[in-house]
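Let's take a walk through the charged side chains of this protein. Have the model open and follow along.

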Amino acid sequence: LKPNTEYTFNIAAVNINGTGILVLNGMSTTLEEVPGPVKNLMKTASTDNSVTISWDPPEPSDGYTSVTYTLRYGVLDTPGEVINTQNTQESINSLEPGIPYYITVSAGTTGGNGKEEYLIFFTKEQAPNRAVSASTIKTAWSGNSLNISWEPLTLHEARGFPMYYIYLNDSSGPVKRGIEPTANTT
């Protein structure tokens, strides 16, 4: 059967001698189609304690007439809060500065919710609240190359999406290298 379609039906008893009298007739509508995922989920604005999130609706379909969005958000690794809305933009207030948050957004109909899209964000990034631990720094020479590794900061410690700088000094002066974080940055 097609989604979001009205069907009428009749029921009659049948045996080897034929069809009996129609015993029931009725009408029913199938559930709407489950929509696809939202698109372009992004943070569009933020302050120290609020954020505005926006997204584009899923691909249109004849299988549903309207979509409701379910947002789940909270501090990373917590169950968080739920907001249901018809809008494709939502502001969330009373957040803490420098804390990593997550948000998921899914589109739903009477047939159910589609796939969640996921975003990690900070309200307003701040300077990290601690340095890389000296006890985790390891160095190894290989010819003229120096490999340096360390345990990266957690998002809570970094209070933003971290990037690391290594400052090297030789006879020609200081050199600064920017490095994107990985599980073990070298």
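**Charged side chains, paired and unpaired**

The side chain of Glu90 makes a polar contact with the side chain of Thr85 at 3.4 Å; a polar contact is a pair of N or O atoms within 3.5 Å, where within protein one must be able to donate a hydrogen and the other to accept it, and residues adjacent in sequence count only if both atoms are side-chain atoms. This is a predicted model, in which local features need pLDDT of at least 70 and side-chain atom pairs count only at pLDDT 80 or more, while totals for chains, interfaces and linings use all residues. Residues are numbered from 1 along each chain as its sequence is written, and side-chain values use heavy atoms, leaving out hydrogens and water.

Glu90 sits in strand β7, residues 89–92 (strands are DSSP runs of E, at least two residues, and helices runs of H or I, at least four, numbered from the N terminus). Glu90 is buried but has no salt bridge, and Arg72, the nearest side chain of opposite charge, is 14 Å away. Buried means under 20% relative accessible area, exposed over 50%, and partly exposed in between, with a 1.4 Å probe and protein chains only. A salt bridge is a side-chain nitrogen of Lys or Arg within 4 Å of a carboxyl oxygen of Asp or Glu.

Where does Arg72 find a partner? Arg72 forms a salt bridge with Glu116, with the closest N and O atoms 3.3 Å apart. Arg72 belongs to strand β5 and Glu116 to the loop between β9 and β10, 44 residues apart.

Arg130 and Glu157 also meet in a salt bridge, at 2.9 Å from N to O. Because Arg130 lies in the loop between β10 and β11 and Glu157 in helix α1, this pair ties together parts 27 residues apart in sequence.

Definitions and conventions. Lys, Arg positive; Asp, Glu negative; His and termini not counted.
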